[in-house]
Amino acid sequence: MRHYEEKIDRALDYLQSPGLLNATGDHPVCYVTYDVADAVRIQRMIDTDIRAKAAHVGFDMYLVSLKDIVSDFIKNHDYYETWAMEEDISEEEIFQSISQALQDNDSWTSDIDPISEAILTKQEEVKRMGNPVLVFHDLEWLHPFDRIGRIEALIYKRIQVPMLILYPGESQGNARTFLNIYPMDGNYRSKNF
């Protein structure tokens with residue numbers, strides 16, 4: 001537990017001035033990785049330890065659930081009834097259809113995908129609210145539809161509010177492995193803790 005508290009402390013310190021640690025500047029986004037077996041512990045820490053630590057360094061914490069974003073997308077999509085009710089479609093086909101709807105830019109109403117749009121909308125809602133930090137959890141709900149790395153790449157230059165992403169998996173340098181089941185992915189710009 002103390003190990004995670006230290007990671008969170010370092011991440012929040014970093015988010016106060018991310019550009020100072022890199023000569024080319026950084027957008028204020030970082031990941032706190034945690035062992036998949038500790039998911040329940042991390043979930044319990046959100047409203048106690050993480051919120052208190054954020055307040056201690058001067059942040060107003062806003063919690064963002066990827067579960068809620070993905071669920072809202074699915075429930076409000078034109079194909080929802082097909083995904084929910086069609087008995088002749090396999091679970092794998094449903095997952096592929098949802099994934100395609102999330103990533104296929106022909107179906108988007110803006111220049112970015114619906115998940116990225118929801119994240120940027122949340123950023124707009126809070127950016128004038130004191131000193132906000134967005135804390136993202138429930139990343140496992142994004143799987144198997146999409147990857148947070150692809151979403152981060154789409155919005156990276158638009159990030160204006162500090163974002164701390166609670167990431168189930170391991171990291172090495174800037175690479176990380178989601179849920180410890182995928183190969184290390186080094187296509188991230190952001191910092192790991």
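## Strand pairing and the β4–β5 hairpin

Two strands are said to pair if DSSP finds at least two bridges between them. In this predicted model, strand β4, which covers residues 163-172, pairs with β5 in the antiparallel sense, and four bridges join them. One residue of this ladder is glutamate 170, whose bridge partner in β5 is threonine 177. The hairpin formed by β4 and β5 has two residues between the strands, and glycine 173 in this hairpin adopts a positive phi near 65°.

Strand β5 spans residues 175-178 and is covered on both faces. Ala175 and Thr177 lie on one side, Arg176 and Phe178 lie on the other, and all of these residues are buried. Threonine 177 thus appears twice in this description: as the bridge partner of glutamate 170 and as a buried residue of β5.

## Overall architecture

The secondary structure of the protein chain consists of seven helices and six strands. Read from the N terminus, the order of elements is α-β-α-β-α-α-α-α-β-α-β-β-β.

The radius of gyration of the protein chain is 17 Å; a compact globule with 193 residues would have a value near 16 Å, so the two agree. The C-alpha trace extends about 50 × 35 × 30 Å along its principal axes. Of the contacts with a separation of 6 or more, 71% are between residues 24 or more positions apart.

## Burial, surface and charge

Of the 193 residues in the protein chain, 44% are buried. The chain exposes about 10400 Å², of which carbon and sulfur atoms supply 47%.

The charged side chains comprise 19 positive and 33 negative ones. The centres of these two sets are 10 Å apart.

## The C-terminal segment

Phenylalanine 193 belongs to the segment after β6, a strand formed by residues 191-192. The relative accessibility of phenylalanine 193 is 9%; because buried means under 20%, this residue counts as buried.

Which residues are in contact with phenylalanine 193, leaving aside its neighbours within four places in sequence? They are Lys7, Arg10, Ala11, Tyr14, Cys30, Tyr31, Val32 and Thr33. A further link with a distant part of the sequence is given by tyrosine 4: its C-alpha is 9.1 Å from that of phenylalanine 193, although the two residues are 189 residues apart in sequence.

Note on methods. Residues are numbered from 1 along each chain as its sequence is written. This is a predicted model: local features need pLDDT of at least 70, side-chain atom pairs count only at pLDDT 80 or more; totals for chains, interfaces and linings use all residues. Side-chain values use heavy atoms; hydrogens and water are left out. The radius of gyration is taken over C-alpha atoms; the globule rule is 2.2 Å times the number of residues to the power 0.38. Buried means under 20% relative accessible area, exposed over 50%, partly exposed in between (1.4 Å probe, protein chains only). Contact means heavy atoms within 4.5 Å. Accessible areas come from the Shrake-Rupley method with a 1.4 Å probe; for residues, only the protein chains shown count as cover. Lys and Arg count as positive and Asp and Glu as negative; His and the chain ends are not counted. The place of a charge is taken as NZ of Lys, CZ of Arg, CG of Asp or CD of Glu.
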